[in-house]
Amino acid sequence: MPWLVAVAMIIVAVAMAPEAADDAAKIAGRYAVVGVNPNKTTYTGVVEVTRESANTVLVRWTIGTGQTVGIGIVRGDVLAVSYIGGIDGGPAPAAGLYTCKKKRCDGVWTIGGVHDRVFTETLTRDENAQPTAQPVQPR
């Protein structure tokens with residue numbers, strides 16, 4: 001579980017960084033998402049980032065007919081998100097880390113049970129993004 005310790009350390013570092021005016025407002029919005037699953041398939045969908053406070057957000061992924069909800073901390077251009085994902089038919093702790101510039105957030109994510117592997121995900125701001133009809137993949 002070295003990956004879990006590393007993710008926890010990153011989240012703590014982001015949380016302890018100097019507070020900015022309203023970083024969450026800068027990244028709040030609707031995004032088209034493209035990412036890679038543990039089984040190496042690609043998924044697409046929509047991510048909605050909702051400002052909860054100056055430095056916290058609610059993140060909702062809609063992939064196919066499934067939804068995943070997480071909470072996040074924003075400091076500057078870094079977004080750290082924690083959520084419960086699904087893998088092999090059961091829930092597992094998961095975390096994502098993104099760098100957001102202009103209208104794009106490039107990130108990595110991991111989930112318990114995948115044995116120290118990290119996957120990529122890109123969010124591109126698109127206020128008109130709509131979920132696609134595709135089978136729900138583990139996320």
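Trp109 counts as buried, because its relative accessibility is 1%. This residue is a useful place to enter the structure, which is a predicted model. Its ring pairs with that of Phe119: the two centres lie 5.0 Å apart and the planes meet at 40 degrees, so the pair is tilted. Trp109 sits in strand S7 (residues 104-111) and Phe119 in strand S8 (residues 119-125), and the pair links these distant parts of the chain, which are ten residues apart. Phe119, like its partner, is on the inside of the model, since a relative accessibility of 6% makes it count as buried. Together with Tyr43, the residues Trp109 and Phe119 form one aromatic cluster.

## The chain as a whole

The protein chain contains two helices and eight strands, and when it is read along the sequence the pattern is α-α-β-β-β-β-β-β-β-β. Of the 139 residues in the protein chain, 40% are buried. When one considers the contacts in the protein chain between residues at least 6 apart in sequence, 46% of them join residues at least 24 apart.

How far the predictor trusts its own model can be read from the pLDDT. The mean pLDDT of the protein chain is 84, and 79% of its residues reach 70 or more. Confidence is highest in S8, at 97, and lowest in helix H1 (residues 2-16), at a mean of 50. Over residues 3-9 the pLDDT is below 50, and in the model this stretch has seven contacts beyond near neighbours in sequence.

## Aromatic rings and the nonpolar core

A pair of aromatic rings is described by the distance of the centres and the angle of the planes. The count of aromatic pairs in this model comes to three. One of them is formed by Trp61 and Tyr83, which are tilted, with 4.8 Å from centre to centre and 50 degrees between the planes. Because Trp61 lies in strand S3 (residues 56-63) and Tyr83 in strand S5 (residues 78-87), this pair ties together parts that are 22 residues apart in sequence. Both Trp61 and Tyr83 are buried.

Which residues have the most contacts inside the largest nonpolar core? They are Val47, Trp61, Leu79 and Tyr98, in a core of 26 residues. Many elements take part, for at least two residues of this core come from each of helix H2 (23-27), strand S1 (29-36), strand S2 (42-53), S3, S5, strand S6 (90-101), S7 and S8.

## A buried glutamate and its partners

Glu121 is placed in strand S8. Is this residue buried or exposed? Its relative accessible area is 0%, and therefore Glu121 is buried. The side chain of Glu121 is joined by polar contacts to the side chains of two residues named above for their contacts in the core, and the table lists the distances.

| Side chain | Partner side chain | Polar contact |
|---|---|---|
| Glu121 | Trp61 | 3.1 Å |
| Glu121 | Tyr98 | 2.5 Å |

Trp61 thus appears in several parts of this report: Trp61 pairs with Tyr83, has a place among the residues with the most contacts inside the largest nonpolar core, and makes a polar contact with Glu121.

## The disulfide

A disulfide is a covalent bond between the sulfur atoms of two cysteines. The structure holds one disulfide, and this link joins Cys100 to Cys105, with a distance of 2.3 Å from S to S. The angle about the S-S bond is 110 degrees, and the link of Cys100 and Cys105 is right-handed. Both Cys100 and Cys105 are buried.

## Two lysines in loops

Two lysines deserve a separate look for their backbone angles. Lys40 has a phi near 75 degrees, which is a positive value in a residue other than glycine, and Lys40 is found in the loop between S1 and S2. With a relative accessibility of 69%, Lys40 counts as exposed.

Where is Lys102 placed? Lys102 lies in the loop between S6 and S7, and although Lys102 is not a glycine, its phi is positive, at about 50 degrees. Lys102 is exposed, because its relative accessible area is 84% and exposed residues are those over 50%.

Definitions and conventions. Residues are numbered from 1 along each chain as its sequence is written. This is a predicted model: local features need pLDDT of at least 70, side-chain atom pairs count only at pLDDT 80 or more; totals for chains, interfaces and linings use all residues. Side-chain values use heavy atoms; hydrogens and water are left out. A disulfide is a pair of cysteine sulfur atoms within 2.5 Å. Buried means under 20% relative accessible area, exposed over 50%, partly exposed in between (1.4 Å probe, protein chains only). Rings of Phe, Tyr and Trp (its six-membered ring) pair if their centres lie within 6.5 Å; planes under 30 degrees apart count as stacked, over 60 as edge-to-face and the rest as tilted. Helices (H or I, at least four residues) and strands (E, at least two) are DSSP runs, numbered from the N terminus. A nonpolar core is a set of buried Ala, Val, Leu, Ile, Met, Phe, Trp, Tyr and Cys residues joined through side-chain atoms within 4.5 Å. A polar contact is a pair of N or O atoms within 3.5 Å; within protein, one must be able to donate a hydrogen and the other to accept it, and residues adjacent in sequence count only if both atoms are side-chain atoms. pLDDT is the predictor's confidence in each residue, from 0 to 100. Contact means heavy atoms within 4.5 Å.
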